[in-house]
Amino acid sequence: LDHLKEKLAKVDWIKEIHIQRRLPHHLYIKIVERRPIARWQHQKKIFLVDNEGVVINNINLEPFQNLPLVVGTDAPMHAPRILALLEKFPKIRERLNALTTIRQRRWDLTLNGSILVKLSEENLEGGLARLSLLIEQGKINPVDVSVVDLRNPKQLVLRLSPEAAVRIKLKGKET
């Protein structure tokens with residue numbers, strides 16, 4: 001039984017194993033699987049990450065394309081915390097494409113495939129609340145904004161997309 005348990009424990013997907021032998025000829029095996037919460041990009045490969053930060057190897061990633069992508073060497077370890085925090089902010093979560101750890105201190109988010117959001121390392125939840133409010137008020141439009149910098153809690157910095165910058169320059173010449 002111990003040998004069987006050791007072999008099963010080597011499978012990445014298995015979180016817990018319970019094996020019972022009932023005489024004369026029965027084995028009862030209970031397996032609890034890991035549940036992936038994110039995809040992790042590392043060295044040009046994609047792995048899955050569970051809610052404990054454990055990396056799960058999987059050949060077929062197609063069923064998990066809806067999970068957010070996390071990037072960075074320490075991303076699996078810290079992803080469960082930020083993803084749990086993002087559950088409080090559904091407006092952000094539904095637009096989220098990727099999360100990237102920056103220098104193992106803070107996070108950058110990619111929203112709608114084109115907006116980069118730079119979060120502060122000190123007040124992560126406050127930055128997410130501020131971003132959620134901006135989204136709800138319609139202040140962040142993927143056509144107009146390319147970067148939202150929330151690293152300084154006293155200041156909001158937006159970088160316009162190239163198209164919006166051209167549009168604003170043209171308006172300025174017309175008036």
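What percentage of the 175 residues in the protein is buried? In this predicted model, buried residues account for 37% of the 175. The protein contains five helices and 11 strands. Its radius of gyration is 22 Å, whereas the globule rule gives 16 Å for 175 residues, so the protein is more spread out than a compact globule. The C-alpha trace extends over about 90 × 30 × 30 Å along the principal axes.

Of the contacts with a separation of 6 or more, 40% involve residues 24 or more positions apart. The exposed surface of the protein comes to about 11,500 Å², and 51% of this area is supplied by carbon and sulfur atoms. Charged side chains comprise 30 positive and 20 negative ones, with a distance of 2 Å between the centres of the two sets.

Nine strands are arranged in an open sheet with mixed pairing, in the order β5-β4-β3-β6-β7-β8-β9-β10-β11. The edges are occupied by β5 (55-56) and β11 (157-160); each has a single partner strand, so one side of each is left without a neighbour in the sheet. In general, the strands of a sheet pair through backbone hydrogen bonds, in either a parallel or an antiparallel sense. Strand β3 (residues 36-42) and strand β4 (residues 45-50) run antiparallel and are joined by six bridges. Within this pair, Arg-39 is placed opposite Leu-48 of β4.

Strand β8 (residues 106-111) lies between β7 and β9 in the sheet order. Five of its six residues are buried, so β8 is largely enclosed by the rest of the structure. Its pairing with strand β7 (residues 96-102) is antiparallel and comprises six bridges. Leu-99 faces Leu-109 of β8. The two strands β7 and β8 form a hairpin, with three residues between them. Arg-103, in the turn of this hairpin, has a positive phi of about 50°. Gln-104 also lies in the loop between β7 and β8, and its phi is likewise positive, near 55°, in a residue other than glycine. With a relative accessible area of 56%, Gln-104 is exposed.

On the β9 side, β8 pairs with strand β9 (residues 115-118) in the antiparallel sense over four bridges. Leu-111 has Ile-115 of β9 as its bridge partner. β8 and β9 also form a hairpin, again with three residues between the strands. The loop between β8 and β9 contains Asn-112, a residue other than glycine whose phi is positive, near 50°. Asn-112 is partly exposed, at 35% relative accessibility.

Helix α2 (residues 75-86) includes Ala-79. The relative accessibility of Ala-79 is 0%, so this residue counts as buried. Leaving aside residues up to four places away in sequence, Ala-79 is in contact with Val-70 and Trp-107. Ala-79 is separated from Thr-100 by 21 residues in sequence, and the C-alpha atoms of the two residues are 9.5 Å apart in space.

A further backbone feature is found in the loop between β1 (14-22) and β2 (26-33), where Pro-24 is located. The peptide bond from Leu-23 to Pro-24 is cis, with an omega near 10°.

How values were computed: Residues are numbered from 1 along each chain as its sequence is written. This is a predicted model: local features need pLDDT of at least 70, side-chain atom pairs count only at pLDDT 80 or more; totals for chains, interfaces and linings use all residues. Side-chain values use heavy atoms; hydrogens and water are left out. The radius of gyration is taken over C-alpha atoms; the globule rule is 2.2 Å times the number of residues to the power 0.38. Buried means under 20% relative accessible area, exposed over 50%, partly exposed in between (1.4 Å probe, protein chains only). Contact means heavy atoms within 4.5 Å. Accessible areas come from the Shrake-Rupley method with a 1.4 Å probe; for residues, only the protein chains shown count as cover. Lys and Arg count as positive and Asp and Glu as negative; His and the chain ends are not counted. The place of a charge is taken as NZ of Lys, CZ of Arg, CG of Asp or CD of Glu. Two strands pair if DSSP finds at least two bridges between them.
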